[in-house]
Protein chains: 2
Amino acid sequence: MSLDQRKKLILQAIVDDYVSTAEPVASKALIERHDFRLSSATVRNEMSDLEQLGYLEQPHTSSGRIPSDKGYREYVDSLMKVDRLTDEEGEIIRKRLSESFDELTGLLKKASNALSEQTGYVSLALSPRLRKSYLKQLKMMMIEPGKVLVVVVLSAGVVKDRLVRIPDYLTPEQLAQISKAIETGLCGKSLEDITLVTVTSAAKDARLPDALLNQILFEAYTAIKQADNLEIYMDGTNRMLSLPEFSDISRARCLFDTLARDGIVSGYINEMTQDDDKGSYMIRIGQEISIEGLSDCSFVTTTYNVGEKIAGNIGVIGPRRMEYSKVVSQISFVRQVINNHLDQFKALNGG
Amino acid sequence: MSLDQRKKLILQAIVDDYVSTAEPVASKALIERHDFRLSSATVRNEMSDLEQLGYLEQPHTSSGRIPSDKGYREYVDSLMKVDRLTDEEGEIIRKRLSESFDELTGLLKKASNALSEQTGYVSLALSPRLRKSYLKQLKMMMIEPGKVLVVVVLSAGVVKDRLVRIPDYLTPEQLAQISKAIETGLCGKSLEDITLVTVTSAAKDARLPDALLNQILFEAYTAIKQADNLEIYMDGTNRMLSLPEFSDISRARCLFDTLARDGIVSGYINEMTQDDDKGSYMIRIGQEISIEGLSDCSFVTTTYNVGEKIAGNIGVIGPRRMEYSKVVSQISFVRQVINNHLDQFKALNGG
DNA sequence: TTTAGCACTCAAGCATGAAGAGTGCTAAGC
DNA sequence: GCTTAGCACTCTTCATGCTTGAGTGCTAAA
């Protein structure tokens, strides 16, 4: 049961108007803003139909209409036009990200920052899911007796480290020996295949007291696993405070609490992302988002790639009344710039 | 021109009441809550005097009084009673911080977190000012050709690292040589004494092309200097949204923007801290804070120590109508726990 | 099928009035 | 001379009712 052409046009116009004004759209206002060659009465009839069909909602009798989740869904699926960025807009983003040196974290922070600035909404960047990347190096460096820096280098070119404490009678030589053993044993193994058991078996030849050895292995294991933690960089949350949607402070508080809760947003996006969708963007609107506290919001996310199978996400969170087409074009562009950067690092690093 | 005893009692009672209710305090309500053995009329006269003297303000005729900045100042300077924490409260904090392993960053995050939770206000922890700490180790570890992890170990037991890019034809041996040279040359020098010149002169014997050498030296220098960056960990900002002071969303936005602006709060606290005040707390109230956007707030901060001369800060930001005595006692306790932890690390690390 | 016209609905703004909380002042009491 | 009861006065808050205007839905005519 698809909408006829005229209904589509009207729905599109209503979404556009509502996005820019945040006020319910009236039939008269609509024909003034758009050249439909129809009277307000006709438009009224169409709007009434659209409401019946579930695309529009009416806050109260005798008010204009606002789009429902279904209305927005129709809009983003088949009505909106996604423009490419202007050269200037592209240049701004490219310049901002080019300042960032090769470090992935820095790149993601900058990307998130740029995205929020360009769209005016909340932006986020998720560190890559590294489960499928494999270990390239593991170094354990003794800082002082009892204190060791574990450095983990992954195939994706990602470097993570972690300071750990071990018994202080372990000598640097012993440490180097264990470290070497673990590295050789695990090199080439993907993170998802590394368990405490594989770590332990990698170092089975080391001649050290069991308790001591176990502690070190556990720390190494933790350091490796920690590399797989999803990190999220969020920016521009304060902008939400200026939107009429959140003029009610308790709503704002609720939103902010949800955004700040560790792992909620990152976990959701992580689950929502299929391993195989590359490059296309994904939109979730209002109630489609299963997170309590974000049902007045919409998500637009996409995926960037670090090598073949390794990917992370960038995204934007805004009000349902979001400038979807602008967000999509901005986000797609940022994605592309990130990918280019990462390809370049990769080339430099020789794979 | 000091207040007489009765005026002090009344001012204290007014502050206490206003802090807990957020409503202007009326003479009648005051005598009902406190056993003054005075009629409301007498209290009214005293309140009128206190207003004349600048300790109280009246939002409008025929409303109760609220404390002015001067009133709060008198309160914190000589009226409030600071209780010690109950054993349970102390236990909660101690437990939370004991989970944190030896890493300073982790400890500070936990401390900030606990502080915000215990007080209900915004909390913050500043990384130590490391200018006066000296370099103990500098390691440069080649991750892959062209990519080097620079690890800086400071006297305070602080470890910082930074991933840098260098020309990829530099061999691990050359890198090791330079790294060793810089380390030997700078070891024992305090961060404030290390400049690009000292770094360069430390490696003057290295036989490498100038351009290459300079780049590496610059990266090493940057990594060292970066260790001195003030980092701030803030927690509980969302709580401010529930206070009547910020029920006006534009005020909230203004506050949040100020808190989020990089370096504003940390810079202010840094400047406000004298190098020699150890252990005592510092309070800044309303307009005393020279940051636009925080004039409706109060600061309570104190200093923790990492060794003799190295110190950082923890603090709380809340509404002027803050439970000062509670905050002071909590913050003093957290300070003490942090210091104990750090002393312990230090003992373990042998200085 | 479209549209002009009209009755109806509802939110928002405004003035009005009553209630209540609180003060300041005055005069009487201790 | 300090304290306090009593009262007039002020100002906010809340509810009420009224008006205005924006917007719809329906009907009948083009």
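Into which domains is chain A divided? In this predicted model, chain A has three parts: domain 1 (5-79), domain 2 (87-129 + 230-349) and domain 3 (135-226). Domain 2 is built from two segments of the chain, 87-129 and 230-349. The C-alpha centres of domain 1 of chain A and domain 3 of chain A are separated by 61 Å.

The surroundings of DNA strand C were examined next. Strand C is surrounded by 20 residues. The closest are A:Arg6, A:Thr42, A:Ser62, B:Ser27 and B:Arg65. Both chain A and chain B are thus represented in this list. By class, the surface near DNA strand C holds eleven polar, five nonpolar and four charged residues. Helix 3 (40-52) of chain A and helix 3 (40-52) of chain B each supply at least two residues of this surface. Helix 3 of chain A gives the most, with four residues.

On the DNA side, sugar and phosphate account for 75% of the atoms of strand C within 4 Å of the protein. Bases make up the rest. Individual polar contacts involve both kinds of group. A polar side-chain atom of A:Arg6, one of the closest residues, lies 2.8 Å from a phosphate oxygen of DNA strand C. For A:Thr61, an N or O atom of the side chain is 3.3 Å from a phosphate oxygen of this strand. A:Arg44 addresses a base instead: an N or O atom in its side chain is 3.4 Å from a base oxygen of DNA strand C.

Aromatic pairs were then searched for in the whole structure. Five were found over all chains. How are the rings of A:Tyr72 and A:Tyr324 arranged? Their centres are 5.9 Å apart and their planes meet at 55°, so the pair is tilted. The angle falls between the limits of 30 degrees for stacked and 60 for edge-to-face pairs. A:Tyr72 belongs to helix 4 (residues 69-79) of chain A, and A:Tyr324 to helix 12 (residues 324-349) of chain A. The pair therefore ties together parts that are 252 residues apart in sequence. Both A:Tyr72 and A:Tyr324 are buried.

Lysine side chains also sit over tyrosine rings, in chain A and in chain B. A:Lys70 lies over the face of A:Tyr55, at 4.6 Å from the ring centre. In chain B, the charged end of B:Lys70 is placed over the ring of B:Tyr55, 4.6 Å from its centre.

Conventions:
Residues are numbered from 1 along each chain as its sequence is written. Chains are lettered from A and ligands numbered from 1 in the order in which they are written. This is a predicted model: local features need pLDDT of at least 70, side-chain atom pairs count only at pLDDT 80 or more; totals for chains, interfaces and linings use all residues. Side-chain values use heavy atoms; hydrogens and water are left out. Domain bounds come from an automatic or database domain assignment. A residue is near a molecule or strand if one of its heavy atoms lies within 4 Å of it. A polar contact is a pair of N or O atoms within 3.5 Å; within protein, one must be able to donate a hydrogen and the other to accept it, and residues adjacent in sequence count only if both atoms are side-chain atoms. Ala, Val, Leu, Ile, Met, Phe, Trp, Tyr, Cys and Pro count as nonpolar, Asp, Glu, Lys and Arg as charged, and the others, Gly among them, as polar. Rings of Phe, Tyr and Trp (its six-membered ring) pair if their centres lie within 6.5 Å; planes under 30 degrees apart count as stacked, over 60 as edge-to-face and the rest as tilted. Buried means under 20% relative accessible area, exposed over 50%, partly exposed in between (1.4 Å probe, protein chains only). A charge sits over a ring if NZ of Lys or CZ of Arg is within 6 Å of the ring centre and within 35 degrees of the ring normal.
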